[in-house]
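Student: Could you pick one part of this chain and take me through it slowly? I'd like to see how it links up with what surrounds it, so take as long as you need.

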Amino acid sequence: MGKRKNNEEISVPKKQLKTVAMIVSEAPTTLWWSEEDIKLDRMNSLIACGQFTTCYSLMKYILELKKSGIEGEGMEEMYKALKKDWTAFNKDPMFMVGPVE
């Protein structure tokens with residue numbers, strides 16, 4: 001299997017982001033969280049992973065639309081906002097997730 005190629009226009013995910021994604025990838029299918037899951041903050045990691053994955057996917061989609069010649073109202077502003085969030089996610093993958101209660 002070949003190495004995955006990142007979109008050159010979107011910065012490569014930083015180590016912190018990959019660490020959160022790894023915690024989530026190891027989450028079992030469950031109806032409740034174990035002590036280990038709570039210790040790893042797996043629920044908030046799962047939420048954050050969904051947020052930064054969606055951010056990346058939307059950025060990639062907008063770039064694909066642009067390459068196809070499709071421009072829509074507000075698309076550039078949306079891309080700029082997503083890029084700002086992507087930068088923030090790479091600094092702190094949990095920046096949109098509230099503290100554990």
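**A close look at one side chain**

Tutor: Let's begin with a pair of side chains: R42 and D37 make a polar contact with each other, at 2.6 Å. Keep in mind that you're looking at a predicted model. R42 sits in helix α3. Is R42 buried or exposed? With a relative accessible area of 5%, R42 counts as buried, because the cut-off for buried is under 20%.

Now, who surrounds R42? If we skip the neighbours within four places in sequence, R42 is in contact with I23, E26, A27, P28, W33 and D37. So D37 turns up in this list of contacts as well as being the polar partner of R42.

Before moving along the helix, have a look at D41. D41 belongs to the loop between α2 (35-39) and α3. D41 has a positive phi of about 55°, even though D41 isn't a glycine. Its relative accessible area is 21%, so D41 counts as partly exposed. Exposed would need over 50%, and buried would need under 20%, so 21% falls in between.

Let's widen the view to the helices. The chain has 4 helices and 0 strands, and reading along the sequence gives you the pattern α-α-α-α. Two packed helices are described by the angle between their axes and the distance between the axes. For helix α1 (residues 15-25) and helix α3 (residues 42-67), the axes come within 9 Å and cross at roughly 120°. That angle makes α1 oblique to α3, and the crossing is left-handed. On the α1 side, the contact is made by L17, V20, A21, I23 and V24. On the α3 side, the residues are R42, S45, L46, A48, C49 and F52. So our starting residue, R42, is part of this helix contact. I23 of α1 is another part of it, and I23 is also in contact with R42 itself. By class, the contact of α1 with α3 has 9 nonpolar residues, 1 polar and 1 charged. The charged one is R42, because Arg counts as charged.

Helix α3 has another crossing, this time with α4. Here the axes come within 9 Å and cross at roughly 145°, and α3 passes α4 in a left-handed crossing. From α3, the contact involves Q51, F52, C55, Y56, L58, M59, I62, L63, L65 and K66. From α4, it involves M75, E76, M78, Y79, L82, K83, D85, W86 and F89. In terms of class, the residues divide into 14 nonpolar, 1 polar and 4 charged. Look out for F52: F52 of α3 takes part in the contact with α1 and also in the contact with α4.

K83, in helix α4, is one of the residues in that second contact. At 43% relative accessibility, K83 counts as partly exposed. K83 is 26 residues from S57 in sequence, and their C-alpha atoms are 11 Å apart in space. K80 is also in helix α4, but K80 is exposed, with a relative accessible area of 54%. From the C-alpha of K80 to the C-alpha of W32 is 37 Å, with 48 residues separating the two along the chain.

There's a buried residue in α4 to visit too. N90 lies in helix α4 (residues 75-91), and N90 is buried, at 6% relative accessible area. A polar atom of the N90 side chain lies 2.6 Å from the backbone nitrogen of K14. Beyond neighbours within four places in sequence, the contacts of N90 are S11, V12, P13, K14, Q16 and L17. That brings us back to α1, where L17 is one of the residues that make the contact with α3. K15, in helix α1, is exposed, with 68% relative accessible area. K15 and K84 are 69 residues apart in sequence and 18 Å apart from C-alpha to C-alpha.

Finally, step back to the chain as a whole. Buried residues, R42 and N90 among them, make up 28% of the 101 residues. Of the contacts between residues at least 6 apart in sequence, 68% join residues at least 24 apart. Along its principal axes, the C-alpha trace spans about 50 × 35 × 25 Å.

Terms used:
Residues are numbered from 1 along each chain as its sequence is written. This is a predicted model: local features need pLDDT of at least 70, side-chain atom pairs count only at pLDDT 80 or more; totals for chains, interfaces and linings use all residues. Side-chain values use heavy atoms; hydrogens and water are left out. Helices (H or I, at least four residues) and strands (E, at least two) are DSSP runs, numbered from the N terminus. Buried means under 20% relative accessible area, exposed over 50%, partly exposed in between (1.4 Å probe, protein chains only). A polar contact is a pair of N or O atoms within 3.5 Å; within protein, one must be able to donate a hydrogen and the other to accept it, and residues adjacent in sequence count only if both atoms are side-chain atoms. Contact means heavy atoms within 4.5 Å. Axes are lines fitted to C-alpha atoms, for helices over the stretch in contact, and angles run from 0 to 180 degrees between N-to-C directions. Angles under 35 degrees count as roughly parallel, over 145 as roughly antiparallel, 65 to 115 as roughly perpendicular and the rest as oblique. A crossing is left-handed if the near helix is turned anticlockwise from the far one by less than a right angle, and right-handed if clockwise.
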